[in-house]
Amino acid sequence: MIPQHRWQTYPTSIFSIMSAEANSVGAVNLAQGFPDFNGPEEIIQAAAEAMKKGHNQYAPATGIKPLRDAISRRYQKAYGLKYDSDREVTVLTGATEAIWCAVQAFCGPGDEAIGIAPFYDSYPAACHAGGATLKTVALQPPHWKIDADAIERLVTKKTKMILINTPHNPTGRVLTRAEMEAIADVARKHDLIVMSDEVYEEIIFKPATHIPMASLPGMWDRTITISSTSKTFSFTGWKIGYACAPAALTEGLRRVHQFTVFCSATPLQHAMVRAFELGDDYYKQFRADYLTRRDTLLVAIRAAGFEAQTPEGTYFISAGYERLAPDVNDMDFSLDLVRKKKLATIPLSPFYLPGDSVAKDLRQVRFAFCKTPETLEKAGAILAGISPSA
Ligand SMILES: Cc1ncc(COP(=O)(O)O)c(C=O)c1O
């Protein structure tokens, strides 16, 4: 008899489910978090040139040197953080692989990690793969504030790592300095590593500012900072991510990386060197475009009767539908919305651990606004047909 596999508790991801639903009815897809437009043309050109020049074989496992140098320069320029590109910067296949390697390297059987729910769904999966247990502090709408005392209460002798994400998917929150300091206090006090997932660092709206965990006093030494060109340059399908961490932490992560994918796509790494040469104007325009998209969708969502905090970062809005369907759970609400109104969103409860009491009564769905004006207009037209009284 074929044995049951070890991933029974991990059914098909909610993203695949909602995208399949969206495709089957030709819905407007605000479910999955990828842009429906291209990143800068010159980056595409650079990838084509790299292929033509013959950069088509395995890259060094740690990433090509010019890209590691470019990442190191970016951290220095943006945040004054210093990383040695040879020993402290690693290119990985998306932030997803970076998260995986960070967790595998430091959280083994019997260990514990502490995360914040709602979470990016690869966090529990990475813990599961390593045999570690993920415990979470559950954030609640409408303010989604982090209670560092609740994090500290979860610390045991087995705790190895805190997993944080700022700007935060799916709530759109940017953690305040006070929240970051409070988490840092817990990490320092209990000698924990922090895996800081900062993939949305460049999608940030004033007056919010992104504070890298590694920039807080005493935190550089214990933080693995993860980011990705997926979000910053709008190439999610290229899966070029990276991790910056002191050599001792980087070494662990690299050991895992050599046996997950070994190296990331060579010509795409070359193209991303060009991406990191883009000047301040690129980032300014990038944020301005996202601000317009955010505000367009926010107006339509609120007019339809959803309640939503204004996102401070990321390209997501988490919205409450309590006024529209108070008795319907979020999975059913999302399925109804896509099947009957042809608008795909993502329910939030799958981003909590199974059985979490906060998730049970959550009446929240996530809208992604990394979309063209045409897509947002179509979504707006659908939303205009929904109203609290409908
Ligand atoms: C919070 C968060 N972390 C990591 C990732 C993965 O990024 P990548 O495409 O680089 O694997 C995502 C993608 O949606 C995300 O939202």
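Hi everyone, a definition to begin: two strands count as paired if DSSP finds at least two bridges between them. Strands themselves are DSSP runs of E, at least two residues long, while helices are runs of H or I of at least four residues, and both are numbered from the N terminus. What you see is a predicted model, where local features need pLDDT of at least 70, side-chain atom pairs count only at pLDDT 80 or more, and totals for chains, interfaces and linings use all residues. Residues are numbered from 1 along each chain as its sequence is written, and side-chain values use heavy atoms, leaving out hydrogens and water.

Let's take the four-stranded sheet. It is open, antiparallel in its pairing, and ordered S9-S10-S13-S12. Strands S9 (307–308) and S12 (346–347) each have a single partner strand, so one side of each has no neighbour in the sheet. Further in, S10 (residues 316–320) and S13 (residues 364–368) run antiparallel and are joined by five bridges. If you want a spot to click on, Phe 316 sits opposite Ala 368 of S13.

Now the seven-stranded sheet, also open, with the order S2-S8-S7-S6-S5-S3-S4 and mixed pairing. At its edges are S2 (89–93) and S4 (133–138), each paired on one side only. From one strand to the next, the twist averages 25°; axes here are lines fitted to C-alpha atoms, for helices over the stretch in contact, with angles from 0 to 180 degrees between N-to-C directions. S5 (residues 159–165) and S6 (residues 193–197) run parallel, with five bridges joining them, and Asn 165 has Asp 197 in S6 as its bridge partner.

Last, a helix: H3 (residues 65–79) lies across S2, S7 (223–228) and S8 (240–244), at about 115° to S2. Contact means heavy atoms within 4.5 Å.
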